[in-house]
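Grab a pencil and open the viewer. Here are a few short exercises, each with a worked solution.

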Amino acid sequence: MGTTSHQGFNTQAIHAGQAPDPLTGAVIPPIYQTSTFVQDGINVLRSGHEYSRGSNPTRNGFETQLTALEGGHAGFAFASGIAAEDALLRAVLAPGDHIVLGADGYGGTNRLVNRLHGKWGITNTPVDITDLEAVAAAVQPGKTALLWVETPSNPLLGIADVAGWARIAHAAGALLVVDNTFATPFLQRPLSLGADVVVHSTTKYIGGHSDVLGGAVIVARKEFRGEELAQSVGFQQFAGGAVAGPQDCFLAARGLKTLGLRMERHCANAATLADWLGTSEEVETVLYPGLESHPGHELAKTQSNGFGGIVSIQFAGGEAAARAFAESMKLFALSVSLGGVESLVCYSAEMTHASVVGTPLAVPRNLVRLSVGIEQVEDLLQDLELGLSAARNASRQYAGAR
Ligand SMILES: Cc1ncc(COP(=O)(O)O)c(C=O)c1O
């Protein structure tokens, strides 16, 4: 059962790369938990598979499924989002190359670029993702090989103009990479906006249930180095070996089938909470692209079908209020990560962005990030009440102590 690109998102999510098993008729393709494949003669492969680092049917099924949803040419699954990013950087860069890197982004990406790839002679310039003039000015002709941006960004929820970034990249002969982890292909398809490569932490919304780590690289379906990129990322996956295992690919593929339904609910819940939080005296700013007050709201409307499930809050009572809020709720579990069906809260400055503390990229200390789950929204609102009352007490104590 093949799929065609005119099919709707949910149809493709369920069927692309996920055909029933031709041997047994099992509706769900089996998990090919094998490291190696028998050969019918020396190098005579029965169905193209030799060894699971090179290819595995469960992994390939998931790669086909995600590639179809992103509208890409080829996709590659890795053991984690960071492993996917690392493989992409190795595939594209050579010592001496330069990256223009969105300043507001996952701290681990920054650590990877600076502390791992920095050692091999890769340099980068962090830029405000919303300022195209700054992006263009950061390009170093002849040296910049890659522009890299997350939109919405983590954790400030900034919105980057993907088409604008792509124009700047291509004028410089560089590639544009978009981390689409927050938006997912259900809300935004960066390849259709001009990006050359999409990366994902499939640990997040793609898997969707906080029970699997994974990452993916999807390269664009177009002439501009599309096939060459597929070859080099594919070679990195095989030669570098940070592949996703069959069990993990099965879980990610199962999660991906319900991505559309989950995202609709994540978006609806997040919008309700963002509106409600905006009415609280404890809250200085609510960062959510769905709010008309958000500086990227109009742009987000033009390049995505929704505003996502992540809401960040800055507290009037500063760090003490933010910490008290994060530590006091019952449904919102205090943890890193995001994108699961359950709600999470994170004190970003010290939990996900500890690697940039003390640098200009440090996250404000009065900020808390919510990954809004798909629970009943009334229950989430009640939980936020608990958090806000703890924030209120902490602000009072802080004011009293001064
Ligand atoms: C936007 C974004 N990209 C990439 C990553 C890295 O993915 P992983 O944790 O699966 O390695 C994360 C992890 O939090 C992330 O939030």
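**Exercise 1.** Find out which pocket the ligand takes up, and how the shell around the ligand is made up.

*Solution.* Keep in mind that this is a predicted model. Start with the space: what the ligand takes up is the largest pocket. Next, look at who is there: 13 residues surround the ligand, and Ile82, Asp179, Ser201, Thr203 and Lys204 are the closest. Now sort the shell by class, which gives 2 nonpolar, 7 polar and 4 charged residues. Last, ask which element gives the most: that's helix H3 (residues 81-92), with 3 residues.

**Exercise 2.** Track down polar contacts of the ligand with Gly81, Asn154 and Asp179, then work out how much of the ligand the protein buries.

*Solution.* The cut-off to apply is 3.5 Å between N or O atoms. Begin with the backbone: a polar backbone atom of Gly81 sits 2.9 Å from a ligand oxygen. Move on to side chains: an N or O atom in the side chain of Asn154 is 3.3 Å from an oxygen atom of the ligand. For Asp179, a side-chain N or O atom lies 2.7 Å from a nitrogen atom of the ligand. As for burial, the ligand taken alone exposes 390 Å², and the protein buries 91% of that.

**Exercise 3.** Place His353 in the fold and decide: buried or exposed?

*Solution.* First, locate His353: the loop between helix H13 (348-351) and strand E14 (367-371) holds this residue. Then check its relative accessible area, which is 2%, so His353 is buried, the cut-off being under 20%. Finally, compare with Tyr106: the two are 247 residues apart in sequence, yet their C-alpha atoms are 7.0 Å apart in space.

Methods:
Residues are numbered from 1 along each chain as its sequence is written. This is a predicted model: local features need pLDDT of at least 70, side-chain atom pairs count only at pLDDT 80 or more; totals for chains, interfaces and linings use all residues. Side-chain values use heavy atoms; hydrogens and water are left out. A residue is near a molecule or strand if one of its heavy atoms lies within 4 Å of it. A polar contact is a pair of N or O atoms within 3.5 Å; within protein, one must be able to donate a hydrogen and the other to accept it, and residues adjacent in sequence count only if both atoms are side-chain atoms. Accessible areas come from the Shrake-Rupley method with a 1.4 Å probe; for residues, only the protein chains shown count as cover. On a 1 Å grid over the protein atoms alone, a cavity is a set of points where a 1.4 Å probe fits but cannot get out, and a pocket is an open set with protein on both sides within 12 Å along at least five of seven lines; lining residues have an atom within 4 Å of a point. A molecule sits in a cavity or pocket if more than half of its atoms lie within 2 Å of its grid points. Helices (H or I, at least four residues) and strands (E, at least two) are DSSP runs, numbered from the N terminus. Ala, Val, Leu, Ile, Met, Phe, Trp, Tyr, Cys and Pro count as nonpolar, Asp, Glu, Lys and Arg as charged, and the others, Gly among them, as polar. Buried means under 20% relative accessible area, exposed over 50%, partly exposed in between (1.4 Å probe, protein chains only).
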